[in-house]
Amino acid sequence: MVWISRMCYRKYGNFVDNLRLYVRGGSGGMGLPRLGGQGGKGGDVWVVAQKEMTLKRVKDKYPQKRFIAGVGTNSSVRALRGQKGEDQEVLAPPGITVTNDDGKVLGELNTEGDRVLVARGGQGGSYHSEFLPSKGQTRQIRLDLKLIADLGLVGFPNAGKSSLLTALSHAKPQIASYAFTTLRPEIGKVMYEDHKQISVADLPGLIEGAHMNRGMGHQFLKHVERTRQLLFVVDVCGFQLASKTPFRSAFEAVQLLIKLELYKEDLPCKPAVLVVNKMDLPDAEDKLTELQEQLLNPHEFSHLLPDDMVPKNNMVFRHVVPISAATGFGIAHLKTCIRQSLDKDASMATESLHCDRLQALRGHTVKHKCSNYTVGS
């Protein structure tokens, strides 16, 4: 049974989805030549996943964004082997990819307690280094959230995404009648009666050619990639970005949004729901009927778009839901469809994991039997 939202919402102000940090391992300690003593190794810097942490908290707590591990102690008469310097831990939320400035992936934090070594401490002074210590590793690293929300609202400017987020979760994003309203992701949460929470991200408005880095371009499109599912939002009456740009019908808007595949080819394969907004406008029912017919046979209407704007692959929407974010029409049904779609994916993922584990167990059993047979022969 699918429950309807209780209208519970939590907003994340000044949302942070990536951070650049300076990290440095501790220097090693001095060796003691006359007694052959070895200095302590410098401390390491680790990024560690902690469930309640957010990148915004990291940024607020460490405004300098510098993490330096402890220095190893020098060798002495009382302690010929110096102690290791204290490690430095950078706490970060699960779901983080850690890279260096060149984009090389250093590791991923998928579950609480996962650790990634980002800067090694220097070696302590010893006989092999003439008792001189080495400095710790120094680098700039980036922490990027892999997943920012369950659902990403995708649409051209003024499609009504901000109004929809308000209707779904009672958020208060900036809403206006000009084109570019949303300048950064707004994250809201919808709670259902069984306490299930679904996060929804209102992503900055696209313009034609975003895949070519126009407008906010790739900075925006990476947010699309980091949501579980997409919620396409189109104006049933179409839109015109500016007086010098062509008017686009609702069908044309859908096809242009699918062209996100030019940024990453597997994006059109991401589960999606199509929301047809502004059903309170005149002639909306006729335009909805026309759009539904076009979606059933998109190839027959591809001539409406320039050749370079026709998607290579058509997207099959799990649901097409007409709504009016202004009046509330269709919002309850949309919440039901959203829950059904996400639950379906969760069920499929659980079943896939169960099959993989069963297959691994069967493989282990067969291998064990073969081993017994060999010993017995």
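# Salt bridges and packing in the predicted model

Arg 228 has a relative accessibility of 48% and therefore counts as partly exposed, a class lying between buried (under 20% relative accessible area) and exposed (over 50%), computed with a 1.4 Å probe and protein chains only. The structure is a predicted model in which local features need pLDDT of at least 70 and side-chain atom pairs count only at pLDDT 80 or more, while totals for chains, interfaces and linings use all residues. Residues are numbered from 1 along each chain as its sequence is written, and side-chain values use heavy atoms, with hydrogens and water left out.

**Salt bridges**

The model has 13 salt bridges, each defined as a side-chain nitrogen of Lys or Arg within 4 Å of a carboxyl oxygen of Asp or Glu. Three of these pairs are listed below.

| Acidic residue | Basic residue | Distance between closest N and O atoms |
|---|---|---|
| Asp 44 | Lys 41 | 2.8 Å |
| Asp 150 | Arg 228 | 2.9 Å |
| Asp 194 | Arg 339 | 2.6 Å |

Asp 150 belongs to strand β9 and Arg 228 to strand β12, so their salt bridge ties together parts that are 78 residues apart in sequence. Strands (E, at least two residues) and helices (H or I, at least four) are DSSP runs, numbered from the N terminus. Unlike the partly exposed Arg 228, Asp 150 is buried, at 15% relative accessibility.

The salt bridge between Asp 194 and Arg 339 also links distant parts of the chain, 145 residues apart: Asp 194 sits in the loop between β10 (186-191) and β11 (197-202), and Arg 339 in helix α6 (residues 331-376). In this pair the acidic residue, Asp 194, is partly exposed at 35%, whereas Arg 339 is buried at 6%.

Asp 44 is buried, with 9% relative accessible area, and its partner Lys 41 is partly exposed at 24%. Both belong to a network of salt bridges that also takes in Lys 84 and Asp 87.

**Helix α4 and its surroundings**

Helix α4 (residues 250-258) is mostly covered, with nine of its nine residues buried. Among them are Glu 252 and Gln 255, as well as Leu 256, Leu 257 and Ile 258. The buried residues of α4 pack against three strands, β9 (149-154), β12 (227-235) and β13 (272-277), and against helix α5 (284-296). Strands β9 and β12 thus recur here, as they also hold the salt-bridged pair Asp 150 and Arg 228.

The axes of α4 and α5 are 9 Å apart and meet at an angle of about 40°. That angle makes α4 oblique to α5. On the α4 side the contact (heavy atoms within 4.5 Å) is made by Ala 250, Phe 251 and Val 254, and on the α5 side by Leu 291, Gln 294 and Leu 295.

Cys 269 is placed in the loop between α4 and β13. In contrast to the buried residues of α4, Cys 269 is exposed, at 65% relative accessibility. The C-alpha atom of Cys 269 is 9.1 Å from that of Asn 313, a residue 44 positions away along the chain.

**A nonpolar surface patch**

Leu 35, Val 77 and Leu 80 form a nonpolar patch on the surface, with about 260 Å² of accessible area together. Such a patch joins nonpolar side chains (Val, Leu, Ile, Met, Phe, Trp, Tyr) within 5 Å, from residues with over 30% relative accessible area and no salt bridge. Leu 35 lies in the loop between β1 (18-24) and β2 (45-49), and is partly exposed at 43% relative accessibility.

How values were computed: Patches are made of residues with over 30% relative accessible area and no salt bridge: like charges are joined within 9 Å, nonpolar side chains (Val, Leu, Ile, Met, Phe, Trp, Tyr) within 5 Å. Accessible areas come from the Shrake-Rupley method with a 1.4 Å probe; for residues, only the protein chains shown count as cover. Axes are lines fitted to C-alpha atoms, for helices over the stretch in contact, and angles run from 0 to 180 degrees between N-to-C directions. Angles under 35 degrees count as roughly parallel, over 145 as roughly antiparallel, 65 to 115 as roughly perpendicular and the rest as oblique.
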